[in-house]
Amino acid sequence: MAASASNAVLLGDVYLDDVTVKPSGVHFRERMRRGALRATVNLPRPPPSLSAVSNFGRSTSDACWNQSSLLGHSNSSFACRSAEATPHLQHLHISTFSIHQTNFGGERLKLFSGSCYLPHPDKEDTGGEDAHFICTDEQAIGVADGVGGWADVGVNAGLFARELMSHSVRAIEEEPKGSINPARVLEKAHSRTKARGSSTACIIALTDTGLHAINLGDSGFIVIRDGCTIFRSPVQQHDFNFTYQLESGNGGDLPSSGEVFTIPVAPGDVVIAGTDGLFDNLYNDEVAEVVLHAIRAGLEPHVTSQKIASLARLRAQDKNRQTPFSTAAQEAGFRYCGGKLDDITVVVSYVTDSTCVSFLPS
């Protein structure tokens with residue numbers, strides 16, 4: 001993940017020109033540490049003439065699927081659950097993207113979700129630093145990415161991310177049925193999280209008026225319709241590779257700095273939420289292409305999430321391919337090419353107006 005806010009660090013090591021460098025963004029308020037532990041991104045600047053140019057983790061599937069029929073029924077009831085080892089600046093105003101949600105044939109839309117988590121290969125023993133949850137009954141999902149630089153001072157930021165997501169689940173269960181307010185959920189979860197560390201956060205809920213979401217940092221989500229990305233949550237960062245992040249207390253950014261969205265969706269839309277391990281390594285059209293092939297093949301959402309995560313890991317390990325991270329680095333004035341090895345969390349949600357979904361291969 002990227003850099004940390006006031007008290008913490010940012011992401012893991014990146015490899016550039018065969019040299020391991022630490023990204024920037026860490027300083028601590030403790031007097032003995034002040035200034036001494038501040039890191040800097042040591043990516044070489046290009047000369048003026050240079051132009052900027054399997055084994056899956058824990059997964060869940062929460063729908064019934066039948067490739068041989070278009071309609072079906074499910075009597076299963078799924079409880080809200082979190083995956084334990086799997087979930088920038090001065091404070092800005094909350095921005096809102098909002099359009100009226102259409103009621104499709106009087107049917108209430110539903111999310112059918114599945115997930116895949118691939119920890120950084122060097123962090124598998126500790127479960128990595130991402131966390132996420134899927135609440136089927138409450139129609140909500142969330143992801144968080146713990147700031148990896150805390151490891152330099154002996155803190156596993158994954159504990160903060162998992163606690164934040166766990167409290168988010170409890171806050172969702174306290175919300176009025178059918179009218180979850182993700183911003184209020186994040187406020188409650190943040191106030192209850194006491195672990196050391198910091199993380200990004202993205203919480204999404206489906207209501208009668210569409211998708212309601214809050215995103216803080218460089219995790220986020222996209223909405224895909226008919227193979228095209230129709231919405232992408234903006235990245236929030238203080239500087240290149242230095243993300244907005246929540247921390248216990250008031251040390252980091254506050255939940256009120258997150259951006260709030262209300263987005264209309266239709267049956268057949270696909271929502272992809274993920275941490276920066278996904279979005280730093282895959283462009284939107286690459287994700288959309290995987291989704292389109294998965295839908296045509298009638299794949300369940302957790303299988304689709306595995307395919308997306310697998311491709312993101314492949315790109316992360318490719319030192320020669322252009323990626324969103326290398327594009328951002330080049331735009332910031334650094335000479336960098338290739339992916340960024342990181343924890344990867346992908347949550348895939350199919351939007352449907354049926355209790356049981358099926359997709360036939362085309």
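**Helix α6, the loop after it, and the α1–α2 pair**

Gly339 lies in the loop that joins α6 to β19 (344-352). In this predicted model, Gly339 has a relative accessible area of 8% and is therefore buried, the cut-off being under 20%. Leaving aside neighbours within four places in sequence, the residues in contact with Gly339 are Asn281, Arg315, Ala316, Asp318, Arg321 and Thr323. Gln322 stands 17 residues from Gly339 along the chain, and the C-alpha atoms of the two are separated by 7.3 Å.

Helix α6, which precedes this loop, covers residues 324-331 and includes Ser326. The helix is mostly covered, with 6 of its 8 residues buried. Those buried residues are Pro324, Phe325, Ser326, Thr327, Ala329 and Gln330. For Ser326 the relative accessibility is 0%, so this residue counts as buried. When neighbours within four places in sequence are left aside, Ser326 is in contact with Arg321, Tyr336, Cys337 and Gly338. Arg321 thus appears among the contacts of Ser326 and also among those of Gly339. After α6 comes Gly333, which has a positive phi, near 100°.

A second part of the model concerns a pair of helices. Two packed helices are described by the angle between their axes and the distance between the axes. For helix α1 (residues 157-173) and helix α2 (residues 182-192), the axes come within 8 Å and cross at roughly 130°. Because of this angle, α1 is oblique to α2. The crossing of the two helices is right-handed. On the α1 side, the contact is made by Glu163, Leu164, His167, Ser168, Ala171 and Ile172. On the α2 side, the contributing residues are Val185, Leu186, Lys188, Ala189, His190 and Arg192. Sorted by class, the residues of this contact comprise 6 nonpolar, 3 polar and 3 charged.

These elements belong to a protein with 6 helices and 19 strands. The chain total is 362 residues, of which 56% count as buried; Ser326 and Gly339 are included in the buried class. The accessible surface of the protein comes to about 15,100 Å², and carbon and sulfur atoms account for 51% of that area.

Note on methods: Residues numbered from 1 in each chain as written. Predicted model: local features only at pLDDT ≥ 70, side-chain atom pairs only at ≥ 80, totals over all residues. Heavy atoms only, no water. Helix = DSSP H or I, 4+ residues; strand = E, 2+ residues; numbered from the N terminus. Buried < 20%, exposed > 50% of the residue type's maximum accessible area, 1.4 Å probe, protein only. Areas by Shrake-Rupley, 256 points an atom, 1.4 Å probe, with all protein chains shown as cover. Axes fitted to C-alpha atoms, helices over the stretch in contact; angles between N-to-C directions. Parallel < 35°, antiparallel > 145°, perpendicular 65-115°, else oblique. Left-handed = near helix turned anticlockwise from the far one by under 90°. Contact = heavy atoms within 4.5 Å. Nonpolar A, V, L, I, M, F, W, Y, C, P; charged D, E, K, R; others polar.
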